[in-house]
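Biologist: I am new to this one. Could you show it to me, and may I ask how you arrive at the words you use for it?

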Amino acid sequence: MHSDLVVFGENWGWQRTGTHHLVRHLAAGRKVVWVNSPVLRCCPTCPYVRGQSLDTGEYRPDRILAPLARYLATDPAARSDNQQLLGHQIRTALAALEVRRPILLTSVPNAVDAVGQIDEHAVVYYCDTNFSRLRAAGECPMAVMEAELAMRADLIIAATPELASRFPCHRTVIMDEDQAADGSWGARAATVERLLDRLA
């Protein structure tokens with residue numbers, strides 16, 4: 001039996017990203033709570049751009065949360081408030097779905113504020129963006145949060161060898177190196193599913 005998921009990604013229904021495609025394929029046999037993370041343009045060079053809604057009535061997660069929290073809290077007091085707010089809202093959604101010990105899967109570093117707040121079984125970072133290449137990355141909230149997330153993640157799945165090189169090799173898997181993958185999102189999701197099942 002597959003572990004249920006709490007997923008942090010761009011707003012569901014915006015322009016689709018790799019995380020949207022993965023979750024559509026991973027959802028079979030799982031309950032999914034999707035946490036919208038819309039405020040990601042934290043600095044002028046941030047690669048995330050708000051897109052047009054593409055919700056076409058296809059698969060939707062079991063719950064889609066637009067949490068009442070600051071997406072880029074940086075000072076300790078704001079971080080603490082954020083952690084409590086996120087934790088409460090996600091735990092409430094999990095309880096309504098009768099989900100226990102989910103895997104927290106994220107492609108956005110600001111999910112680090114939920115780590116340890118939702119009784120997650122494991123934390124998986126799906127990295128397909130190089131936040132370290134942003135201008136003044138040392139001061140970029142997303143780059144700083146990514147460094148913390150990388151330390152706390154049980155598994156990092158990197159989309160390319162270049163992205164993988166920034167993380168601890170013993171906890172990082174490179175998506176492109178899976179010989180069974182043919183480049184389709186279905187094949188990539190199958191790779192991710194195998195990795196998630198090993199954590200279960």
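**Reasons behind the words**

Modeller: Gladly! The protein exposes about 9500 Å², and carbon and sulfur atoms supply 50% of it. Please keep in mind that this is a predicted model. Its secondary structure comes to five helices and seven strands.

Biologist: Why is Met142 called buried?

Modeller: Buried means under 20% relative accessible area. Met142 has 0%, so Met142 counts as buried. This residue lies in helix H3, residues 141-152.

Biologist: How many aromatic pairs are there, and what makes Trp12 and Trp34 an edge-to-face pair?

Modeller: The count comes to three aromatic pairs. For Trp12 and Trp34, the centres are 4.8 Å apart and the planes 75° apart. Ring centres must lie within 6.5 Å, and planes over 60 degrees apart count as edge-to-face, so this pair fits on both points. Trp12 sits in the loop between strand S1 and helix H1, while Trp34 is in strand S2, 22 residues apart.

Biologist: Why is the pair of Trp12 and Tyr59 called edge-to-face?

Modeller: The ring centres of Trp12 and Tyr59 are 5.9 Å apart and the planes stand at 80°, so this pair is edge-to-face. Ring pairs link Trp12, Trp34 and Tyr59 into a cluster.

Biologist: Are Trp12 and Tyr59 buried or partly exposed?

Modeller: The cut-off for buried is under 20%, and partly exposed runs from there to 50%. Trp12, at 13%, is therefore buried, whereas Tyr59, at 26%, is partly exposed.

Biologist: How do you know that Arg188 lies over the face of Trp185?

Modeller: Arg188 is at 4.6 Å from the ring centre of Trp185, and the limit for that distance is 6 Å.

Key:
Residues are numbered from 1 along each chain as its sequence is written. This is a predicted model: local features need pLDDT of at least 70, side-chain atom pairs count only at pLDDT 80 or more; totals for chains, interfaces and linings use all residues. Side-chain values use heavy atoms; hydrogens and water are left out. Helices (H or I, at least four residues) and strands (E, at least two) are DSSP runs, numbered from the N terminus. Buried means under 20% relative accessible area, exposed over 50%, partly exposed in between (1.4 Å probe, protein chains only). Accessible areas come from the Shrake-Rupley method with a 1.4 Å probe; for residues, only the protein chains shown count as cover. Rings of Phe, Tyr and Trp (its six-membered ring) pair if their centres lie within 6.5 Å; planes under 30 degrees apart count as stacked, over 60 as edge-to-face and the rest as tilted. A charge sits over a ring if NZ of Lys or CZ of Arg is within 6 Å of the ring centre and within 35 degrees of the ring normal.
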